[in-house]
Amino acid sequence: MSTNVKKNERVEEVFDLFLKHMKAFLKEANLNHEEYTNFVNWADRLGRAGELPLYADVFLETHVLQAMYTNMPGTQPSLLGPFFIEGSPRLEHTPGQPVVNTMRPDEPGETLHFSGRVQDLQGKPLANTKVEIWHNDNSRKYSSFDSEAPPYNLRGHFYTDENGAFDVKTIVPIPYSIPDEGPTGEFLEYLDQHPMRPAHLHLMFEAPGYETLITQVFFEGDPWLDNDVAEGVREELITTLHDKGGHKEAALTFEMRPA
Ligand code: BEZ
Ligand code: FE
């Protein structure tokens with residue numbers, strides 16, 4: 001071999017299992033050679049369009065998470081998705097005020113004050129936990145992906161206070177369609193499946209000694225909660241938007257698992 005790659009026993013173990021189940025699947029699906037060729041051609045288009053991460057996050061990520069976390073104590077994780085980027089700005093904190101997410105002076109949308117508490121499985125508050133937030137804007141897009149917003153718009157990070165609490169001012173996210181003009185959209189059409197996701201905030205929590213929690217927050221009454229294309233909704237991640245005359249408020253408690 002020309003590369004220096006060494007044998008990886010885990011890859012071998014997982015691939016052997018994959019083949020074992022694949023053989024049973026092929027027998028049951030009765031796949032023919034033309035269907036195999038069609039699949040390879042479609043997968044080639046998917047890769048060339050740069051949509052492999054999108055396809056995997058829509059159709060596979062939720063199953064990986066459910067296999068790992070269903071019935072586990074602590075807050076259920078949800079999809080990281082393809083729209084996270086590293087390096088978000090730190091949001092500064094003025095005592096008694098919510099931190100303010102990165103946004104334009106005239107950011108379109110309804111103001112949201114989202115507050116949370118971060119605790120361990122016994123309810124002990126986790127002070128100084130890093131909280132990363134990102135979500136879409138009122139054009140339904142994520143900054144840095146096909147959006148007119150400046151880089152890092154509606155993306156930021158901050159830390160919980162001594163009570164494990166936080167309060168962030170941002171805008172209410174809205175439901176959106178995953179990109180559906182390429183091979184992922186073609187696949188959705190084969191299934192006669194719409195491309196919509198319910199409105200959600202993305203959150204990531206990091207605290208020393210705890211497993212990093214990557215999750216999402218959804219809102220009661222959203223028309224897409226029961227048929228999210230990416231199946232990322234979990235009952236305990238749904239909160240209520242309260243109308244405060246001029247802005248909305250919502251809250252949720254998050255429980256982190258020990259590392
Ligand atoms: C998202 O949460 O933004 C997302 C997840 C999976 C696929 C596409 C988008
Ligand atoms: Fe998202």
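This passage describes an iron site and a helix pair in a predicted model.

The iron ion (ligand 2) is coordinated by two tyrosines and two histidines, namely Y142 and Y176 through OH and H200 and H202 through NE2, at 1.9 to 2.7 Å. Six donor atoms surround the iron ion (ligand 2), and the angles they subtend run from 52 to 171°. The arrangement is therefore irregular, because six donors count as octahedral only if opposite donors are over 155 degrees apart and all others lie between 65 and 115. Along the sequence, the donor residues follow the spacing Y-x33-Y-x23-H-x1-H.

Two of these donors, Y142 and H200, link distant parts of the chain and stand 58 residues apart. Y142 lies in the loop between β3 (130–134) and β4 (155–159), whereas H200 lies in the loop between β7 (196–197) and β8 (201–206). Y142 has a relative accessibility of 3% and so counts as buried, the cut-off being under 20%. H200, at 2% relative accessibility, also counts as buried.

The helix pair consists of α2 (residues 33–48) and α5 (residues 183–191), whose axes come within 9 Å and cross at roughly 140°. This crossing angle makes α2 oblique to α5, because only angles over 145 degrees count as roughly antiparallel. On the α2 side the contact is made by W42, R45 and L46, and on the α5 side by P183, T184, E186 and F187. Sorted by class, the residues in this contact comprise four nonpolar, one polar and two charged.

Conventions:
Residues are numbered from 1 along each chain as its sequence is written. Chains are lettered from A and ligands numbered from 1 in the order in which they are written. This is a predicted model: local features need pLDDT of at least 70, side-chain atom pairs count only at pLDDT 80 or more; totals for chains, interfaces and linings use all residues. Side-chain values use heavy atoms; hydrogens and water are left out. Axes are lines fitted to C-alpha atoms, for helices over the stretch in contact, and angles run from 0 to 180 degrees between N-to-C directions. Helices (H or I, at least four residues) and strands (E, at least two) are DSSP runs, numbered from the N terminus. Angles under 35 degrees count as roughly parallel, over 145 as roughly antiparallel, 65 to 115 as roughly perpendicular and the rest as oblique. Contact means heavy atoms within 4.5 Å. Ala, Val, Leu, Ile, Met, Phe, Trp, Tyr, Cys and Pro count as nonpolar, Asp, Glu, Lys and Arg as charged, and the others, Gly among them, as polar. Donors are N, O and S atoms within 2.8 Å of the metal (3.2 Å for Na, K and Ca); water is not among the atoms, so sites may look incomplete. Four donors count as tetrahedral if all angles lie between 85 and 135 degrees; four count as square planar and six as octahedral if opposite donors are over 155 degrees apart and all others between 65 and 115; anything else is irregular. Buried means under 20% relative accessible area, exposed over 50%, partly exposed in between (1.4 Å probe, protein chains only).
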